[in-house]
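Grab a pencil and work through a few short exercises on how two chains meet. Try each task before you read its solution.

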Amino acid sequence: MKVRILVVEDEPKLAQALKQGLENELYDVKVAGTGEEGFFLVHAEAFDLMILDIMLPGRSGLEALKALRNRGLTTPVLILSALDSVQDRVIGLEAGADDYLVKPFAFAELLARLRVLTRRGRPSDILRFKTADLELDLVTRKVCRSGQIVDLTAREFELLEFLLRHQGQIVSREMLSREIWGEAQRVTPLDNVIDVHLTRLRKKIDSIGSPKLIHTLRGIGFMLREVPP
Amino acid sequence: MIWWKALSIRARLALFFATAIGLILLAYATYIAAFVHQGLKNETLHRLDQEIEIIERSLRIGSSGEVLWYAPHDVHEPYQPLKNVSWLDVHAMDGRIIYRVPELDTPGMDAEIPQFEIARRSGYFLTTAPNGAHLRVLQRDIEVDGQRVIARAALSEDQAERDLRTLLGVMAIGLPLAIALSGLGGYLLAGHALRPISRMIFEARSIHAERLDARLPIANPNDELGNLALTFNDLFSRLERSFEQLKRFTSDASHELRTPLAVIRSIGEVGLREHHNEHRYREIIGSMLEEIDRLTLLIEGLLTLTRADSGQMSIAFNPINIAELVEQVFLQLQVLAEEKRQLLELNSNGPVWISGDGSILRRAVVNIVDNAIKYTPEEGTVLVKIGTCGNMAFITVQDEGHGIPSTHQEKIFDRFYRMDAARTRSEGGYGLGLAIARWAVEAHSGSIKVSSSSSSGSVFRIELPLLVSQTQNNIAQTTGKR
């Protein structure tokens with residue numbers, strides 16, 4: 001059964017892009033252009049998740065959210081907002097949101113957050129990853145390709161593990177910056193560091209076997225996959 | 001007291017002044033009047049006393065044993081009653097008139113003289129003559145050789161009263177006049193003193209964001225209004241500087257934003273001119289997204305600085321081991337140095353505790369170390385040192401770049417400042433890194449300086465106040481580090 005998402009967004013191009021992007025990821029998407037419409041739809045039909053832009057004409061997104069929560073609506077809500085201060089995040093979360101994503105955002109980021117909210121992508125208890133002839137064992141901390149042991153630094157290991165966990169999915173620099181380097185904000189020097197690490201990882205992994213597994217999607221991020229995207 | 005507030009300061013001052021003067025003059029006038037009145041009265045009493053004394057000396061016992069008025073012939077001057085004495089009389093105990101002035105020969109004189117009453121006691125008293133004159137009378141018992149007579153002397157107080165009334169009349173006119181004049185004078189004086197304020201108001205009205213270079217006129221820098229004007233002018237100078245800064249920043253930011261936008265546009269437009277295969281289209285779109293990424297980072301940097309300017313960045317102050325923070329950054333950026341086959345060295349001697357916000361300080365350190373790696377040529381050395389000096393912690397980052405000429409050394413921490421005026425982006429960044437670093441350091445009460453010689457590179461030095469030593473010892477004890 002497809003996951004049903006309600007997108008409440010007044011900027012038509014963004015709404016359209018979201019709808020298309022999410023449908024590509026096999027979500028069922030309905031778009032509401034105003035707070036009132038969203039309010040009505042969320043009561044008229046059942047949704048698994050709501051993406052809510054809080055800068056809406058007419059009824060403010062936050063008010064709508066508070067009203068929904070007061071009426072007992074438990075649907076997970078992800079807020080989209082151009083306001084990025086800590087205060088704004090807190091206000092959003094206190095109004096009843098489950099997550100807060102700042103615009104402009106990487107689409108991969110949105111997908112990752114949605115997966116968390118719909119309980120997909122639960123940190124699995126996988127101890128061993130395998131793709132093509134690449135193997136990574138979390139217990140022994142060993143990586144093998146084409147039967148050869150690959151020597152990785154701790155960082156490179158973390159990187160490869162992350163890519164394998166999200167194999168087939170887009171991994172953005174934000175995600176790497178946040179999950180592996182623990183940096184809340186994305187900064188250019190760190191981008192360079194990430195790039196260098198990935199280049200080295202690619203050199204170690206993709207040079208000793210085929211096909212190429214680590215792919216760079218320009219402007220978007222990276223992906224580990226057998227078949228090139 | 002709403003009416004009071006409705007008046008201008010000038011009017012209030014004048015009113016206050018006039019009232020004060022009025023009260024003082026009133027008190028003064030009252031005192032003068034009372035003094036004069038008392039003086040006149042005393043004079044009257046004194047003269048009455050003198051009359052009675054003269055009377056005393058002029059009484060003799062006659063041959064028949066009666067008391068007689070005796071004007072001695074061998075006295076140089078015949079007795080003359082003091083001028084203005086209304087009357088003078090001496091009675092015997094049986095009512096016989098021994099002497100009386102004025103003489104009773106004048107007809108009608110009776111009507112002017114009060115009746116004699118034996119029963120009345122001696123002393124001073126006031127009475128009214130039949131013709132209406134106010135008289136002060138002194139009645140005294142006199143003993144002449146055992147016989148008792150009663151002498152009376154009276155003086156009219158009419159003149160004195162007239163004099164006093166004249167005085168009061170003059171005062172009654174003069175006082176209000178004086179008050180009015182002082183009120184007017186006060187009003188004029190206040191107006192004169194306050195005139196600079198009117199001028200200041202006029203000038204201040206014309207000052208607004210477009211005309212912040214105007215200043216208030218200062219007539220006399222030493223008086224209160226002069227001080228006020230100086231203070232305001234100071235304020236305007238500061239505002240002007242802030243506005244200039246803001247204008248420059250906004251203008252710079254707009255220009256900086258234009259370039260990435262131009263790139264995106266060009267890539268897109270050129271990309272649409274021809275047909276490409278799918279792969280090429282992906283390249284093009286990916287390239288546009290990369291530029292958008294850079295634009296986003298630029299805007300983030302701008303937002304940070306703007307927020308820092310207006311004091312909206314909240315900094316959490318916690319004890320931080322800055323040596324550990326620098327080590328983390330060091331490890332993080334090491335790969336970048338390795339790519340350029342540079343030697344990245346860290347010189348650290350144990351924990352250094354300061355109070356601050358780790359994420360903010362990390363940005364500053366990252367920016368500076370990243371710069372050092374960027375500007376140091378391949379196979380060069382970047383040296384990072386952490387230590388303490390007195391009550392300050394210091395971090396120095398030394399690179400082997402082409403150095404910074406002394407004329408630029410202060411300016412490199414300005415926003416968007418890049419040494420070559422052409423603002424090439426070949427080395428990345430937007431010129432905000434050092435500005436953010438400076439803000440981050442200064443928000444922790446620290447300082448950042450650069451020293452450089454054009455051939456051997458530059459040394460950036462960050463200084464931050466150490467955590468108070470007692471706390472430092474406590475932390476050292478609890479973490480077991482020393």
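The exercises below look at the contact between chain B and chain A, then at cysteines.

This is a predicted model, where local features need pLDDT of at least 70, side-chain atom pairs count only at pLDDT 80 or more, and totals for chains, interfaces and linings use all residues. Residues are numbered from 1 along each chain as its sequence is written, chains are lettered from A in the order in which they are written, and side-chain values use heavy atoms, with hydrogens and water left out.

**Exercise 1.** Work out how many residues of chain B are in contact with chain A, and the area buried between them.

*Solution.* Start with contact, meaning heavy atoms within 4.5 Å: 23 residues of chain B touch 21 residues of chain A. Next comes buried area, the accessible area (1.4 Å probe) that two parts lose on being put together, summed over both. That is about 2,100 Å², with 51% from carbon and sulfur atoms. On the chain B side, B:Leu297, B:Gln332 and B:Val335 lose the most area, together 25% of what that side buries.

**Exercise 2.** Count the salt bridges between chain B and chain A, and find one.

*Solution.* Look for a side-chain nitrogen of Lys or Arg within 4 Å of a carboxyl oxygen of Asp or Glu. You should get 6 salt bridges between the two chains. One of them pairs B:Glu290 with A:Arg218 at 3.1 Å, N to O.

**Exercise 3.** How many disulfides are there over all chains?

*Solution.* Check for cysteine sulfur atoms within 2.5 Å of each other. The count is 0 over all chains.
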